[in-house]
4 protein chains.
Amino acid sequence: MNPQKLTDKQITEAIAQLPEWKVVNGKLNRAFKFDSFVEAFTFMTKVAFAAEKMVHHPEFFNVYNRVVIDLTTHDVDGISNLDIDLAQKINDL
Amino acid sequence: MNPQKLTDKQITEAIAQLPEWKVVNGKLNRAFKFDSFVEAFTFMTKVAFAAEKMVHHPEFFNVYNRVVIDLTTHDVDGISNLDIDLAQKINDL
Amino acid sequence: MNPQKLTDKQITEAIAQLPEWKVVNGKLNRAFKFDSFVEAFTFMTKVAFAAEKMVHHPEFFNVYNRVVIDLTTHDVDGISNLDIDLAQKINDL
Amino acid sequence: MNPQKLTDKQITEAIAQLPEWKVVNGKLNRAFKFDSFVEAFTFMTKVAFAAEKMVHHPEFFNVYNRVVIDLTTHDVDGISNLDIDLAQKINDL
């Protein structure tokens, strides 16, 4: 269950399976736009439930109907398998 | 109900009554630290209810137990009375 | 802005425009079923935002993926125009 | 990790350690009253995070500033150790 740091090659391969995600400043990054603040905030709430259950938390940025999520793993000082898992769960929402 | 842009003098006076808030990059800014992710996220949820009711929304940044809030008013291209009101409501939470 | 108590005839006409709502025990009632607890709870959160903005709150019942909402207006001891408005907002979600 | 049905004696002993909880209609039951709807709803949100993490969900009833929680375990047709654990987590909030 310990996170494992991914190599650049592993990250590139994983992102190929994760539509809309890219690496920005060393973090897995995706931007979202919704119809309203309430839609944006309740989307973040769904991500928060998934994150709390994994015990692995994202960086959230929100203003009005826009949300930006950055994923990285502090313990490995980089992107790990947990970030890929959470990104996949977010795409499945 | 239209927002009114505040002068630097008005902002300085308002902040004097708003413990923990300061101006950063032209926005009203305050940072918060909680005991857990769930405490941080449900605090944001309370702010979200207040903001939606005012129809005036903050910029949220969250990672784990930390929250940063920035307040500005797009329509006046600066800090308005609405930002002061929302900051006061947040301090009252 | 004061709520107005509706007659039985007005309620019958209003419900005709509100798919899935009926009167149960003198309250506007609708049951919902979702794919998961998280979907059910974040649906309630959206309703909660709408209700708080109207300053008119529903009765919520939730267990796992099921939600039941009852609407009534304490101040008029019956169903009011506010209940119809909130039911319409919920259907629009 | 499978839930274990508790005997009446075990339930009585467990409740002695759980201030404010009692058995009503065969379920662990506690009522709460808050200062506002937003306080009540965000309290439910905290409980929802704990429940989703345990994969064990309560029955929620909410109207305005009041919340009632009932805990039971469908799989054992009664009150289990999971209900006691969740009641304890709720009291710790």
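Two strands pair if DSSP finds at least two bridges between them. In this predicted model, S3(D) and S4(D) pass that test with five bridges, and they run in the antiparallel sense. One of the bridges links Val63(D) to Arg66(D) in S4(D).

The two strands form a hairpin. Two residues lie between S3(D) and S4(D). Tyr64(D) sits in the turn, and its phi is positive, about 50 degrees.

S3(D) has two faces. Phe60(D) and Asn62(D) make up the covered face. Glu59(D), Phe61(D) and Val63(D) make up the uncovered one.

Now step back to a whole chain, with chain A as the example. Chain A holds three helices and four strands. Read from the N terminus, its elements follow the order α-β-β-α-β-β-α. The radius of gyration of chain A is 13 Å, close to the 12 Å that the globule rule gives for 93 residues, so chain A is as compact as a globular protein of that length. Along the principal axes, the C-alpha atoms of chain A fill a box of roughly 40 × 25 × 20 Å.

How much of chain A is buried? Buried residues make up 34% of its 93 residues. Contacts also link distant parts of the sequence. Among the contacts in chain A with a separation of 6 or more, 59% are between residues 24 or more positions apart.

Next comes a helix of chain D. Helix H2 of chain D covers residues 37–54, which is 18 residues. From first C-alpha to last, H2(D) reaches 26 Å, close to the 26 Å expected at 1.5 Å a residue. Just after H2(D) comes Val55(D), with a positive phi near 55 degrees.

Which residues of H2(D) are buried? They begin with Phe37(D), Val38(D), Ala40(D), Phe41(D) and Thr42(D). Met44(D), Thr45(D), Val47(D), Ala48(D), Phe49(D) and Ala51(D) complete the set.

What do these buried residues of H2(D) pack against? Within chain D, the partners are strand S3 (59–63), strand S4 (66–71) and helix H3 (81–92). Other chains take part as well. The buried residues of H2(D) also pack against helix H2 (37–54) of chain A, of chain B and of chain C.

That leads to the contacts between chains. Start with chains C and D. 12 residues of chain D are in contact with 12 residues of chain C. On the side of chain D that touches chain C, H2 and S3 each supply at least two residues. The residues of this side divide into eight nonpolar, two polar and two charged.

Strand pairing also crosses this contact. Strand S3 (residues 59–63) of chain C joins S3(D) through five bridges, and the two strands run antiparallel. Phe60(C) has Asn62(D) as its bridge partner in S3(D). Val63(C) stands opposite Glu59(D). S3(D) thus takes part in two pairings, with S4(D) and with S3 of chain C.

How are chains C and D related? A turn of 180 degrees, with a shift of 0.0 Å along the axis, lays chain D on chain C with an RMSD of 0.0 Å. The two copies are therefore related as by a two-fold rotation axis. Phe61(D) is the residue of chain D that comes closest to the rotation axis, with its C-alpha at 2.3 Å. The same surface serves both copies, since 100% of the contact residues of chain D recur in chain C.

Turn now to chains A and B. Their contact takes 12 residues from chain B and 12 residues from chain A. H2 and strand S3 (59–63) of chain B each supply at least two residues of the side that touches chain A. By class, that side of chain B has eight nonpolar, two polar and two charged residues.

Here, too, strands meet across the contact. Five bridges join strand S3 (residues 59–63) of chain A to S3(B), and the strands run antiparallel. In this pairing, Phe61(A) stands opposite Phe61(B).

A rotation of 180 degrees superposes chain B on chain A, with 0.0 Å of shift along its axis and an RMSD of 0.0 Å. Of the residues of chain B, Phe61(B) comes closest to the rotation axis, at 2.3 Å for its C-alpha. The same surface serves both copies here: 100% of the contact residues of chain B recur in chain A.

How values were computed
Residues are numbered from 1 along each chain as its sequence is written. Chains are lettered from A and ligands numbered from 1 in the order in which they are written. This is a predicted model: local features need pLDDT of at least 70, side-chain atom pairs count only at pLDDT 80 or more; totals for chains, interfaces and linings use all residues. The expected span of a helix is 1.5 Å times one less than its number of residues. A residue is buried if 20 or more other C-beta atoms lie within 10 Å of its own, exposed if 12 or fewer, and partly exposed in between; C-beta atoms are placed from the backbone. Two residues are in contact if their C-beta atoms, placed from the backbone, lie within 7 Å. The radius of gyration is taken over C-alpha atoms; the globule rule is 2.2 Å times the number of residues to the power 0.38. Ala, Val, Leu, Ile, Met, Phe, Trp, Tyr, Cys and Pro count as nonpolar, Asp, Glu, Lys and Arg as charged, and the others, Gly among them, as polar. Copies are superposed by least squares on the C-alpha atoms of residues with pLDDT of at least 70 in both.
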